[in-house]
Amino acid sequence: MKQALILSFLIFSAVSWAQHHSVLGRWKTIDDETGKPVSIIEIYEKHNKIYGKVVEIFNPKNKVPRCEKCEGEDKNKPIVGLVVIKGLVKDKEEYTHGKILDPKHGKLYKCSLSLEEKDRLKVRGYIGINLLGRTQIWERVK
């Protein structure tokens, strides 16, 4: 009985540590101009690739919008539930070779993600080469 409790604790601790040292989970996005929270993005793994979808929007005025400026399969989809991080793969300490969607402008950019700290995610969207883009820091939702 005591060994089973110790084993359960060790497994729980390992899973908890892995979740907090991974890009997987829920992340709060911050507006570059105002510094205020904008949304919650849930990052998940599917078929060995990383995806992220909008699960919450903080501004009540923006809760029902659709991605009117998006193209293709994302056109006119509701923002909440929209997959905005698409198909990243792990490359050493970062995730790359995928795309990130800016629903406000309907634009798709190349993307890379990496943990800056266990609860701070560095998200870079860029055109062409990594030098031509911008970086945001997202905060893990606890």
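Arg-140 sits in strand β8, which spans residues 133-140. The structure described here is a predicted model. This report starts from Arg-140, turns to the chain as a whole, and then takes up the salt bridges, the disulfide and a surface patch.

**Arg-140 and its partners**

Arg-140 has a relative accessibility of 10% and therefore counts as buried, the limit being under 20%. Its side chain has a polar contact with the side chain of Asp-119, at 3.0 Å. A polar atom of the Arg-140 side chain also lies 3.2 Å from the backbone oxygen of Leu-24.

Asp-119 has a further partner: Asp-119 and Lys-142 form a salt bridge in which the closest N and O atoms are 3.0 Å apart. Because Asp-119 belongs to the loop between β6 (107-117) and β7, and Lys-142 to the segment after β8, this pair ties together parts that are 23 residues apart in sequence. Asp-119, Arg-140 and Lys-142 are joined into one network by salt bridges that share partners. As for exposure, Asp-119 is buried, with a relative accessible area of 14%, whereas Lys-142 is exposed, with a relative accessible area of 80%.

**The chain as a whole**

The protein chain contains 1 helix and 8 strands. Along the sequence these elements follow the pattern α-β-β-β-β-β-β-β-β. The chain has 142 residues, of which 31% count as buried. Its accessible surface comes to about 9,700 Å², and carbon and sulfur atoms account for 56% of that surface. Where contacts between residues at least 6 apart in sequence are considered, 34% of them join residues at least 24 apart.

**Salt bridges**

The count of salt bridges comes to 7. Three of them, including the Asp-119 pair described above, are set out below.

| Salt bridge | N to O distance |
|---|---|
| Asp-32 and Arg-134 | 2.0 Å |
| Glu-116 and Arg-120 | 3.0 Å |
| Asp-119 and Lys-142 | 3.0 Å |

The side chains of Asp-32 and Arg-134 meet in a salt bridge. This pair links distant parts of the chain, with Asp-32 in the loop between β1 (25-30) and β2 (37-46), Arg-134 in strand β8, and their positions 102 residues apart in sequence. Asp-32 is partly exposed at 46% relative accessibility, and Arg-134 is also partly exposed, with a relative accessible area of 47%.

In the salt bridge of Glu-116 with Arg-120, Glu-116 is partly exposed, with a relative accessible area of 42%. Arg-120 likewise counts as partly exposed, at 28% relative accessibility.

**Cysteines**

A search of the whole structure finds 1 disulfide. In general, a disulfide is a covalent bond between the sulfur atoms of two cysteines. Here the bond joins Cys-67 to Cys-70, with an S to S distance of 1.6 Å. The torsion about the S-S bond of Cys-67 and Cys-70 is about 45°, and the disulfide is therefore right-handed. Cys-67 is buried, with a relative accessible area of 0%, and Cys-70 counts as buried at 1% relative accessibility. Cys-111 is buried as well, with a relative accessible area of 0%.

**A nonpolar surface patch**

On the surface, Ile-129, Leu-131 and Leu-132 form a nonpolar patch. Together these residues have about 350 Å² of accessible area. Ile-129 is placed in the loop between β7 (120-126) and β8, the latter being the strand that also holds Arg-140.

Terms used
Residues are numbered from 1 along each chain as its sequence is written. This is a predicted model: local features need pLDDT of at least 70, side-chain atom pairs count only at pLDDT 80 or more; totals for chains, interfaces and linings use all residues. Side-chain values use heavy atoms; hydrogens and water are left out. Helices (H or I, at least four residues) and strands (E, at least two) are DSSP runs, numbered from the N terminus. Buried means under 20% relative accessible area, exposed over 50%, partly exposed in between (1.4 Å probe, protein chains only). A polar contact is a pair of N or O atoms within 3.5 Å; within protein, one must be able to donate a hydrogen and the other to accept it, and residues adjacent in sequence count only if both atoms are side-chain atoms. Contact means heavy atoms within 4.5 Å. Accessible areas come from the Shrake-Rupley method with a 1.4 Å probe; for residues, only the protein chains shown count as cover. Patches are made of residues with over 30% relative accessible area and no salt bridge: like charges are joined within 9 Å, nonpolar side chains (Val, Leu, Ile, Met, Phe, Trp, Tyr) within 5 Å. A salt bridge is a side-chain nitrogen of Lys or Arg within 4 Å of a carboxyl oxygen of Asp or Glu. A disulfide is a pair of cysteine sulfur atoms within 2.5 Å.
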